[in-house]
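This briefing sets out selected features of one protein structure for computational work. It is arranged by topic, with charged side chains, helix packing, surface and backbone taken in turn.

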Amino acid sequence: MASLQHPTASLQSKHALIPRNSLAQKPILNISLPGTTFTPLKLKFASFSLSATRRSQGASGARMSATAASSYAAALADVAFSNNTLDATTSDIEKIDEIFADPKVSDYFADPTLAVEQKRKLVDEIAESSGFQPHTRNFLYILVDAQRIDLINEIAKEFELVYNALTDTELAVVTSVVKLESQHLAQIAKQVQKLTGAKNVRIKTLLDPALVAGFTVRYGNSGSKLIDMSVRKQLEDIAAQLELGDISLAV
């Protein structure tokens, strides 16, 4: 079983030392289709109460949290890479991110009145039900013991960035009104690959009825680039053209 060392604020990722050509290549199109998402677990929670008032960390606290999340993500990625389980660990982290999006789960682990052993027991239940890698379970133990489990969603975001950098993968978020067929997603992935030059393209799908029809694609650093093929965008453009404002007639 792989063991994880508790990362400190000074932890430096070893990824920069890994030659790009030594990485195992993924298929050019790694498409995540709707309907393959994680099935919610039926978890048992002990009764507890948690104050809704939380201490504000301020800007400096937010920066420290981001640094800690990056360090934890880098440490986990190093272990996963050394075990050749980077893809499997990524799947684990995606499931964890979804599980902890449930306020019942996050509040349970944030409750200071609960013993660490109770929280570890729930980690075991989640890990067993989800089929996590052994080092993923150990990683959650570390976060629970260090009282940093509140960073898990930030860690998930940072881990995705590390994974994308290691595998030269471009993430594209495709939003549509209805589920798109796999061949359509493949075409979108190929187009994003042409635009970015990335070796791999990873597709995430979202549904948004407000688009009316069509789809949008966000990619680039933090989704900074947008391809908008939605009917809503077309309607907005038409509406903008119809707003003529004041008209002066020559007399």
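Which residues does Asp92 touch, not counting residues up to four places away in sequence? Asp92 touches Gly131, Phe132, Gln133 and Thr136. The structure is a predicted model, and the points below describe its computed features.

**A buried acidic residue**

- Asp92 belongs to helix 2, which spans residues 86-99.
- Although buried, Asp92 has no salt bridge.
- The nearest side chain of opposite charge is that of Lys95, at 5.1 Å; because a salt bridge requires a side-chain nitrogen within 4 Å of a carboxyl oxygen, this pair does not count as one.

**Salt bridges**

- The structure contains six salt bridges.
- One of them joins Glu94 and Arg202, whose closest N and O atoms are 1.6 Å apart. Glu94 is in helix 2 and Arg202 in strand 3 (residues 200-207), so this pair ties together parts that are 108 residues apart in sequence.
- The two partners are covered as follows: Glu94 is partly exposed, with a relative accessible area of 33%, whereas Arg202 is buried, at 8%.
- Glu94 and Arg202 also belong to a network of salt bridges that includes Glu160 and Lys204.
- Asp145 and Arg120 meet through their side chains in a salt bridge with an N to O distance of 2.7 Å. Because Asp145 lies in helix 5 and Arg120 in helix 4, the pair ties together parts that are 25 residues apart in sequence.
- Asp145 is partly exposed, with a relative accessible area of 40%, and Arg120 also counts as partly exposed, at 23% relative accessibility.
- A salt bridge also forms between Arg137 and Asp124, with the closest N and O atoms 2.9 Å apart. This pair links distant parts of the chain, with Arg137 in helix 5 and Asp124 in helix 4, 13 residues apart.
- Arg137 counts as buried, at 17% relative accessibility, while Asp124 is partly exposed, with a relative accessible area of 26%.

**Packing of helix 3**

- Helix 3 covers residues 103-110, and Val105, Tyr108 and Phe109 are buried in it. Viewed down the axis of helix 3, its buried residues fall within an arc of 90°, so they line one face of the helix.
- An α-helix has 3.6 residues a turn, so residues three or four places apart point the same way.
- The cover over the buried residues of helix 3 includes helix 2, helix 4 (116-130) and helix 5 (134-145).

**Nonpolar surface**

- Val212, Leu235, Ile238 and Leu242 make a nonpolar surface patch of about 400 Å².
- Within this patch, Leu235 lies in helix 8 (residues 231-242) and counts as partly exposed, at 47% relative accessibility.
- Val212, another member of the patch, is found in the loop between strand 3 and strand 4 (215-219).

**Positive phi angles**

- Val212 has a positive phi of about 75°, although it is not a glycine.
- Asp168, which is likewise not a glycine, has a positive phi near 50°.
- Asp168 lies in the loop between helix 6 (152-167) and strand 2 (169-176); at 25% relative accessibility, Asp168 counts as partly exposed.

Definitions and conventions:
Residues numbered from 1 in each chain as written. Predicted model: local features only at pLDDT ≥ 70, side-chain atom pairs only at ≥ 80, totals over all residues. Heavy atoms only, no water. Helix = DSSP H or I, 4+ residues; strand = E, 2+ residues; numbered from the N terminus. Buried < 20%, exposed > 50% of the residue type's maximum accessible area, 1.4 Å probe, protein only. Lys, Arg positive; Asp, Glu negative; His and termini not counted. Contact = heavy atoms within 4.5 Å. Patch = residues over 30% accessible without salt bridge, like charges linked within 9 Å, V, L, I, M, F, W, Y side chains within 5 Å. Areas by Shrake-Rupley, 256 points an atom, 1.4 Å probe, with all protein chains shown as cover. Arc of directions from axis to C-beta.
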